[in-house]
Number of protein chains: 2
Amino acid sequence: MPTARRGRRPGGEDTRALILEAARAEFAAAGYDGTSVRAVARAAGVDPRLVHHYFDGKSSLFAAVIAVPVNPAERVQVAVAGPPEGIGERLVRTLVSTWDEPVARDALVGVVRSAMGSQALTEQLRGFVVGELMMRVVRAHPVSADLSRDELTLRAGLLGAQMVGLVVGRYVVGMAGLRDASAEELVARVGPAVQAILETGSPHGIRGVAPDE
Amino acid sequence: MPTARRGRRPGGEDTRALILEAARAEFAAAGYDGTSVRAVARAAGVDPRLVHHYFDGKSSLFAAVIAVPVNPAERVQVAVAGPPEGIGERLVRTLVSTWDEPVARDALVGVVRSAMGSQALTEQLRGFVVGELMMRVVRAHPVSADLSRDELTLRAGLLGAQMVGLVVGRYVVGMAGLRDASAEELVARVGPAVQAILETGSPHGIRGVAPDE
């Protein structure tokens, strides 16, 4: 039976939220491999069987953790809407403001650290971040209509590298220059690099576009 | 007593090299947390006590592994020598050609994966990569003489993010667009972004430099 940590018998939604909150902190602190359902249950003050009642196991718990507290695809969609020449700055601003929220940061840093220790998770996240999120950004720029499939993929990868570098540098590793910079300083410095990826032509990337178009 | 894997009794240098080779493969495959001295000894075909004879423990073994097979500081020094306007492209070319060597890649991917799972290693590597390597790059550009300490640190961080993003995207995570691009394609795409970090002025970063200098 669950031990109610806050002096009351938790209802279903409360218990699930309590477990998720504990799991988020555990994954962030110990990574995917270093976290057990038992440790999550202990941190949440519930019986491990109760964790299994709400989640199929550790990977399902992790999937639930990375699904909260933000929906990355929604935020990216909002960032890319609007004038194409500002996509780079808006994307960096969205990324930094999302990760700067402490609750989101803990969850997301946990995701990154965990993914590095698990080939399966790496592949899961790669598909989500590059194939889904970054491809949305590439396709939001009008020039994308004239690009080959290979060029779209390369641009999504280059954007992914920008995002991963910024995230790892500022939040996971904590490089002094990036950790201490203001959000707008990063928007001003990294935004143009992101925009350049969306706009720079490749000699063999653009099909059927005359040079003056 | 050591078990000689190659049918002879190994001398000191041979045995040490054998252990290092095994450790490099283990760290690359399992990360820092997932690797034990026992597993390294087993892979090397020697008694664990022999590993302890040559290395103080797992962290000392790891330090020896990340010191080989390339000296990153030497390669960066060679890359930044020469005309300042080509530093960005030369740095990316050096990074990619170094990591594209299979032996170096295994060692370095192991370093990255391991660092993600260990706060102590993260801090060690951060100091080396940003404080040492990237700061060398920033200082190699003549404009650095007129920059504040904060601006130098920010630039080193921004460069670190570029390198980390490229490395994680191409080698650790294997994002399709980056994994499949040729070295020269990456030089052409990422080089200018690196160069822009070295050359772009910050409104409050440059001290005592007139706009026309």
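**Exercise 1. State how many salt bridges the structure holds over all chains, and trace those that involve Arg189(A).**

Solution. The structure is a predicted model, in which local features need pLDDT of at least 70, side-chain atom pairs count only at pLDDT 80 or more, and totals for chains, interfaces and linings use all residues. Residues are numbered from 1 along each chain as its sequence is written, chains are lettered from A and ligands numbered from 1 in the order in which they are written, and side-chain values use heavy atoms, with hydrogens and water left out.

Step 1. Over all chains there are 16 salt bridges, a salt bridge being a side-chain nitrogen of Lys or Arg within 4 Å of a carboxyl oxygen of Asp or Glu. Side chains of opposite charge can pair when their charged atoms come close.

Step 2. Within chain A, Arg189(A) pairs with Glu185(A), and the closest N and O atoms are 3.6 Å apart. Both residues belong to helix 11 of chain A and stand four residues apart, about one turn of the helix. Helices (H or I, at least four residues) and strands (E, at least two) are DSSP runs, numbered from the N terminus. Glu185(A) and Arg189(A) are both buried; buried means under 20% relative accessible area, exposed over 50%, and partly exposed in between (1.4 Å probe, protein chains only).

Step 3. Arg189(A) also forms a salt bridge with Glu151(B), with 2.8 Å between the closest N and O atoms. This pair crosses between chains, from helix 11 of chain A to helix 9 of chain B. Glu151(B), like Arg189(A), is buried.

**Exercise 2. Determine which parts of chain B the salt bridge of Arg93(B) and Glu184(B) ties together, and how accessible the two residues are.**

Solution. Step 1. The closest N and O atoms of Arg93(B) and Glu184(B) are 2.8 Å apart. Arg93(B) lies in helix 6 (residues 87-100) of chain B and Glu184(B) in helix 11 of chain B, so the pair links parts that are 91 residues apart in sequence.

Step 2. Arg93(B) is partly exposed, at 34% relative accessibility, and Glu184(B) is partly exposed as well, with a relative accessible area of 43%.

Step 3. Elsewhere, salt bridges that share partners join Glu151(A), Arg155(A), Glu185(B) and Arg189(B) into one network.

**Exercise 3. Describe how chain B is related to chain A and which surface each copy uses.**

Solution. Step 1. Chain B is superposed on chain A by a rotation of 179° with 0.1 Å of shift along its axis (RMSD 0.2 Å); the fit is by least squares on the C-alpha atoms of residues with pLDDT of at least 70 in both. That is the relation of a two-fold axis.

Step 2. The residue of chain B that comes closest to the rotation axis is Gly165(B), at 1.9 Å (C-alpha).

Step 3. The contact (heavy atoms within 4.5 Å) takes 38 residues from chain B and 38 residues from chain A. Of the interface residues of chain B, 100% are also interface residues in chain A, so the copies meet through the same surface.

**Exercise 4. Give the area buried between chain B and chain A, and identify the residues and elements involved.**

Solution. Step 1. The size of an interface is often given as the accessible area lost when the parts come together. Here the buried area (1.4 Å probe, summed over both parts) is about 2,900 Å², and carbon and sulfur atoms give 66% of that area.

Step 2. Met116(B), Met175(B) and Arg189(B) lose the most area to chain A within chain B, together 24% of what that side buries.

Step 3. The rule finds two salt bridges across this interface. One of the bridges between the chains joins Glu151(A) to Arg189(B), with the closest N and O atoms 2.8 Å apart. On the side of chain B that touches chain A, the largest share, 14 residues, comes from helix 9 of chain B.

**Exercise 5. Locate Ser182(A) in the fold of chain A.**

Solution. Step 1. Chain A has 11 helices and zero strands, and buried residues make up 51% of its 213 residues.

Step 2. Ser182(A) occupies the loop between helix 10 (176-180) and helix 11 (183-199) of chain A. With a relative accessible area of 40%, Ser182(A) is partly exposed.

Step 3. The side chain of Ser182(A) reaches the backbone nitrogen of Glu185(A) at 3.1 Å. Ser182(A) and Val96(A) are 86 residues apart along the chain, and 9.4 Å separates their C-alpha atoms.

Technical notes:
Buried area = accessible area lost by both parts, 1.4 Å probe. Polar contact = N/O pair within 3.5 Å; in protein donor to acceptor, adjacent residues only side chain to side chain.
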